[in-house]
Amino acid sequence: MEKMAVDYLMQEKIWFEKYKYDDAERRYYEQMNGPVGSSSHQQENGASTILRDIARARENIQKSLAGSANTNSPGPAAGDQNELLSRISHLEVENQNLRSVVSDLQMAIFKLESRLNALEKSSTSHQPSPVPPTQKVEPFSVPSKKVELPSAKKAEPAAAEEDDDDDIDLFGSDDEEEDQEAAKVREERLRQYAEKKAKKPGLIAKSSILLDVKPWDDKTDMAKIDECVRSIHMDGLVWGASKLVPVGYGIKKLQIQCVVEDDKVGTDILEEEITKFEDYVQSVDIAAFNKI
């Protein structure tokens, strides 16, 4: 039992000799400050030393005030004054520099304003004259000219002579027949001109379209989609180059170029024809549309 108690005390952290250290600390402070009974005497000595220090400080202040005028070396106040004067002079120099910079800026602004005014005056003087109002343009029409045959020209002097001989022709003349022949010739020439104009090819409006054909998933055969799209044949439709563009998650879309005639093929017809391949095509979008 005693052995267990000794083992327990050995494991515990107990300071058995603390009183020795307390006594040693008390003796040390008594040697430094004297015994406890002399505390009042020490307080008096401390007060006297404070009074002596105050009197000594007053004497030093009076001596410094009296001898500041006679000493050659500047004191702390003179040093502060010199530093203040140097700062003031430095600020004055900076103020002068700032004034010069501001004056330069004002001069530059004045020059810029004068140049802008000159440019405005020159632009107003060179302003183009107003465009006259547009005039209404009448549609082009082929002027009808009366075609006269040589026989008719030769018949005119004869008819004029007959008119001179007899103003009234009771039996009629050949002028009506000649006018009919001239009208027939004119109509024939107009018909030939209309046929020639109809045969002349006009300007055909075409457009370049870039289509985005999207599949259902990444397992869709893109080559089959390209084949299906190119199997669409229309009058005025020409297929161009194509390529596969990645969309995301392994899915790619087919970009295919085509040229169409605007009067024959429209974008709605193309979308309807391509979306008919619903087993492969999910949707069709127009990526670009340009007039040619």
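This is a short tour of a four-stranded sheet, the helices that lie across it and some of its salt bridges.

Before starting, note that the model is predicted, so that local features need pLDDT of at least 70 and side-chain atom pairs count only at pLDDT 80 or more, while totals for chains, interfaces and linings use all residues. Residues are numbered from 1 along each chain as its sequence is written, and side-chain values use heavy atoms, with hydrogens and water left out.

**The sheet**

Select the four strands, which form an open, antiparallel sheet in the order β2-β3-β1-β4; helices (H or I, at least four residues) and strands (E, at least two) are DSSP runs numbered from the N terminus, and two strands pair if DSSP finds at least two bridges between them. Because β2 (237-248) and β4 (281-291) each have a single partner strand, they stand at the edges, with one side of each left without a neighbour in the sheet. On average, neighbouring strands are turned by 20° against each other, direction ignored; axes are lines fitted to C-alpha atoms, for helices over the stretch in contact, and angles run from 0 to 180 degrees between N-to-C directions.

**Strand β1**

Next, select residues 206-215, strand β1, which pairs with β3 (residues 251-261) over eight bridges. Among the facing residues, I209 has C258 in β3 as its bridge partner, and S208 stands opposite V259. Towards β4 there are nine bridges, and L211 stands opposite I286 there. Eight of the 10 residues of β1 are buried, where buried means under 20% relative accessible area, exposed over 50% and partly exposed in between (1.4 Å probe, protein chains only).

**The helices**

Now add helix α7 (residues 222-230), which lies across β1, β2, β3 and β4 and runs at about 15° to β3. Helix α8 (residues 267-275) also lies across these four strands, running at about 155° to β4; contact means heavy atoms within 4.5 Å.

**Salt bridges**

The structure holds 10 salt bridges, each a side-chain nitrogen of Lys or Arg within 4 Å of a carboxyl oxygen of Asp or Glu. Show K253 and D212, whose side chains meet at 3.1 Å, N to O, and which link strands β3 and β1 across 41 residues. K253 counts as buried at 16% relative accessibility, and D212 is buried at 7%. Then show K214 and D285, with their closest N and O atoms 3.2 Å apart; K214 lies in β1 and D285 in β4, so this pair ties together parts 71 residues apart in sequence. K214 is partly exposed at 30%, as is D285 at 33%.
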